Amino acid sequence: MKYMATYDLMETARNTNEWLGATARAMASYPAFALSTNPLVNLTAAWGEVTERTFGRMVAKPDWGIRSIVGPDGQDHLVDIKQVVEKPFGDLIQFFVRRRPPMARKILVVTPMSGHYATLLRPTVASLLPDADVYVTDWHNARDIPVSAGKFDVEDYTLYLVDFMRHLGPDTHVIAVCQPVPLTLAATAYLAAEDPAAQPRSLTLMGGPVDPDAAATEVTDFGRRVTMGQLEQWAIQRVGFKYKGAGRLVYPGLLQLAGFMSMNAERHSKAFTDQIMRAARGESSDHDAHNRFYDEYLAVMDMTAEFYLSTVERVFKNREIARNVFTVAGKKVDMGAITNVAVKIVEGEKDDISAPGQCLAALKLLTNLPESKKAQHLEPGAGHYGIFAGKSWRLNIRPLVLSFIDANSGKPTKAPVKLAVSK
């Protein structure tokens, strides 16, 4: 499947469906049809509206949508997104709050490179902004990166994190969510050995596969069943002629999305059928619950083939992080080198992506870290998404994380601002 024609065929199918939706919506919206009492006219227009939006969102990068926050003085403070470090495959960005002095807490949120954009963590970032200066890793879509930029695998990802941490300095507190958890741990260990003065003050590792064999999930079962040859044959394609990265080997976002949707096909099918009926009745809106969720869920990005394949092979199959044999640029990264960075593990009881135990395995690797600098939390009833963006995050986990940061900051901070919980 490593052909540009295969990639372009998927893009053609997506583009065609978007066009069909736009055509159906436009034709069924002719004023003359308003005289008809046939319900199929409204249903056709509603189908077209939902279809056009659905297939159009698949290639659009969502906006962060964080315009302002309310400060402790009761005034609105505008938020600007600034690029702090620019790199070919990802940037370090800051959510800069105007007219606010530097906060005592400086937080780096390491976002996943697992098919969705960094905006998936929008609720997490928005909830942290009132209480901290927030920096985020903003990974780029591989289809837009020219082949001349070179490769990008798990070692390159780790070195990117090392550079970001070095730039922010040792008073930084890092929060890693899901896929980047093992590589964030490796980046910290790399700094501990090579540049101890640049280590962050704390690590909060949330729902990541440090040891995939610690608890089985569909993800780990798939990793065991499929060989690397099969994976490369089935999943890898070359970017088509439409994008700047033409010819680059990638794991396409559209292919990933097909896998995401097939895991809960019945639920997604019902959701779209219900949305078409709501649109036909005039009950849908641009920012209703369905569109808020699927605008983000459907927006997928391509991963470089080498990053995807090396993640499966080295993190899941060979368990290099779990066995403490991970190497970066020919140097062994020893997790035991971490001796003074406080580490907190957060897991969800009902996490079916990274089951409880997979992330907790990180504490066993930190053989030279005092027990007083280790902490763990298992959130009852929480799934994967809930531990960093849902109700569990808002009510329980966020306050615990901020308290953990304060306890290991080495300097006093203000009490966390309580955010209103939306119903």
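Modeller: The expected span of a helix is 1.5 Å times one less than its number of residues; helices (H or I, at least four residues) and strands (E, at least two) are DSSP runs, numbered from the N terminus. This is a predicted model, in which local features need pLDDT of at least 70 and side-chain atom pairs count only at pLDDT 80 or more, while totals for chains, interfaces and linings use all residues. Residues are numbered from 1 along each chain as its sequence is written, and side-chain values use heavy atoms, with hydrogens and water left out.

Biologist: Which are the edge strands of the open sheet?

Modeller: The nine strands run in the order E1-E2-E3-E5-E4-E6-E7-E13-E14, with mixed pairing (two strands pair if DSSP finds at least two bridges between them). An edge strand pairs on one side only, and this holds for strand E1 (68-70) and strand E14 (374-379).

Biologist: By how many degrees does H5 differ in direction from E7?

Modeller: H5 packs on the sheet and touches strand E4 (106-110), strand E6 (173-177) and strand E7 (202-206); contact means heavy atoms within 4.5 Å. Axes are lines fitted to C-alpha atoms, for helices over the stretch in contact, and angles run from 0 to 180 degrees between N-to-C directions. The angle with E7 is about 160 degrees.

Biologist: And what angle does the direction of H14 make with that of E7?

Modeller: Helix H14 (residues 391-407) also packs on the sheet, touching E4, E6, E7, strand E13 (342-348) and E14. Its direction and that of E7 make about 155 degrees.

Biologist: How far does H14 reach from its first C-alpha to its last?

Modeller: H14 has 17 residues, for which 24 Å is expected at 1.5 Å a residue. Its reach is close to the expected value, at 24 Å.

Biologist: At which residue of H14 does the kink lie?

Modeller: The bend at a residue is the angle between axes fitted to the seven residues ending there and the seven starting there. In H14 it comes to about 50 degrees, shortly before the proline Pro399. The residue at the kink, listed among the buried ones of H14, is Ile397.

Biologist: Is E4 mostly covered or not, and how many of its residues are buried?

Modeller: Buried means under 20% relative accessible area, exposed over 50%, partly exposed in between (1.4 Å probe, protein chains only). Lys106, Leu108 and Val110 lie on one side of E4, Ile107 and Val109 on the other, and all are buried. E4 is mostly covered, and its buried residues number five of five.

Biologist: Which helix gives the largest share of the largest nonpolar core?

Modeller: A nonpolar core is a set of buried Ala, Val, Leu, Ile, Met, Phe, Trp, Tyr and Cys residues joined through side-chain atoms within 4.5 Å. This one has 64 residues, of which Trp139, Tyr157, Leu185, Leu205 and Tyr308 touch the most other members. The largest share is nine residues, from helix H5 (residues 181-194).

Biologist: Why does Gln275 count as buried?

Modeller: Gln275 is found in helix H9 (residues 265-280). Beyond four places in sequence, Gln275 touches Val50, Ser284, Asp288, His290 and Asn291. Gln275 counts as buried because its relative accessibility is 2%.

Biologist: Why does Gly240 count as buried?

Modeller: Gly240 is in the loop between strand E8 (237-238) and strand E9 (249-251). Leaving out residues up to four places away, Gly240 touches Met4, Tyr7, Asp8 and Ala246. Gly240 counts as buried because its relative accessibility is 0%.
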